[in-house]
Amino acid sequence: MFDKLSRSWGLVKASAAVLRSDKELMLFPVLSGLATLAVLATFVLPLFALRVFEHGIGLAGLLLAFVFYFCQYTVIVFFNCALVGAAMIRLGGGDPTLSDGLAAAKRRLPAILGYAAIAATVGVLLQSLKHKENNFLVRLLGSGLGAAWTLATFLVVPVLVSRDVGPIDALKQSVTLLKRTWGENAIGNVGIGAAFGLLTTLVAMIGVGLTFIALQSSVVLGIAVGVVCALGVLLLAVYQAALTGIYSAALYRYAVSHDVPDGFSGAQLAHAFEPKR
């Protein structure tokens, strides 16, 4: 376990070095977040104003949920593809711009829409399982299937960006790469999530404490401190998203060609791709 965590930390540091060399990559998660909030507001505000779910969800509610998931996944996958496309240019020694990443995503827009439809369908089904009332086993099954889906689709975005395939083939290739290489040992993915989860919790706790102390002196000062701390948490989320995109691009590139980008240790990547025993 210590070796796995050590390798994960090494991969995180190498990915961070790539991100430091091209901070523009952080713009993609920012744009994704803004677009996601716009889609959320477009759906949520009218639904609450019109009290659509006042008498339960029903078939119309499920249809609306599907449309909402489809729009959200389209936005998220599009900007993830833009991020990974730009990251692959950087890993190849190039100097990508924002427009380069967006162009890479636009070229794969039909496949992105197809995958968004699949992901939306799966998302609605998983949410219906995870929110099943008075049935703990069904909710547990939904959570387990959700985790399996996340693991199986981890390399879908790099596949969509790099290969001229449809969404179903991209899913199949993601699963194939997962089985053939690192199996269930998603070392870097888990490592990045755990590290940033802990860091975000610490920053949030410190922020709450500082805000409380500042409020004792002045309401304006307390609000200012709270805003700064909230921005710090958002910055961590943006950094994590960019880091995860770079990491997935590097892992995919090594999985298909065993090409080790600058800043990454070949031994580290080889261990990360060892099948589970």
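**Helix packing around α5 and the long span of α10**

In this predicted model, helices α5 and α6 are roughly antiparallel to each other, because the angle at which they pack, about 155°, lies over the 145 degrees that marks this class. Helix α5 covers residues 109-130 and helix α6 covers residues 136-152, and their axes are 7 Å apart. Two packed helices are described by exactly these two quantities, the angle between their axes and the distance between the axes.

The residues that form this contact can be followed along each helix. From α5 come Tyr-115, Ile-118, Ala-119, Val-122, Leu-126, Leu-129 and Lys-130. Helix α6 contributes Val-138, Arg-139, Gly-142, Ser-143, Leu-145, Gly-146 and Trp-149. By character, the residues of this contact divide into 9 nonpolar, 3 polar and 2 charged. An α-helix has 3.6 residues a turn, so residues three or four places apart point the same way.

Helix α5 also meets helix α4, which spans residues 98-107. Here the axes come within 5 Å and cross at roughly 70°; α4 and α5 are therefore roughly perpendicular to each other. Ala-105, Lys-106 and Arg-107 of α4 meet Leu-109, Pro-110 and Ile-112 of α5. The residues of this contact comprise 4 nonpolar, no polar and 2 charged.

The UniProt record, an unreviewed entry, places the feature "transmembrane region" at several stretches, including residues 109-129 and 219-242. Over residues 109-129 the chain is 100% helix and 0% strand, with the end C-alpha atoms 30 Å apart. Residues 219-242 are likewise 100% helix and 0% strand, and the end C-alpha atoms of that stretch are 35 Å apart.

Helix α10 runs over residues 219-257. Its 39 residues should span 57 Å at 1.5 Å a residue, and this agrees with the model because the end C-alpha atoms of α10 are 57 Å apart. At the start of α10, a side-chain oxygen of Ser-218 reaches to within 3.3 Å of the backbone nitrogen of Val-220. At the other end, α10 is followed by His-258, whose phi is positive, near 55°.

Technical notes
Residues are numbered from 1 along each chain as its sequence is written. This is a predicted model: local features need pLDDT of at least 70, side-chain atom pairs count only at pLDDT 80 or more; totals for chains, interfaces and linings use all residues. Side-chain values use heavy atoms; hydrogens and water are left out. Axes are lines fitted to C-alpha atoms, for helices over the stretch in contact, and angles run from 0 to 180 degrees between N-to-C directions. Helices (H or I, at least four residues) and strands (E, at least two) are DSSP runs, numbered from the N terminus. Angles under 35 degrees count as roughly parallel, over 145 as roughly antiparallel, 65 to 115 as roughly perpendicular and the rest as oblique. Contact means heavy atoms within 4.5 Å. Ala, Val, Leu, Ile, Met, Phe, Trp, Tyr, Cys and Pro count as nonpolar, Asp, Glu, Lys and Arg as charged, and the others, Gly among them, as polar. The expected span of a helix is 1.5 Å times one less than its number of residues. A polar contact is a pair of N or O atoms within 3.5 Å; within protein, one must be able to donate a hydrogen and the other to accept it, and residues adjacent in sequence count only if both atoms are side-chain atoms. UniProt positions are given in the numbering used here, feature names are shortened, and annotations may be inferred rather than shown by experiment.
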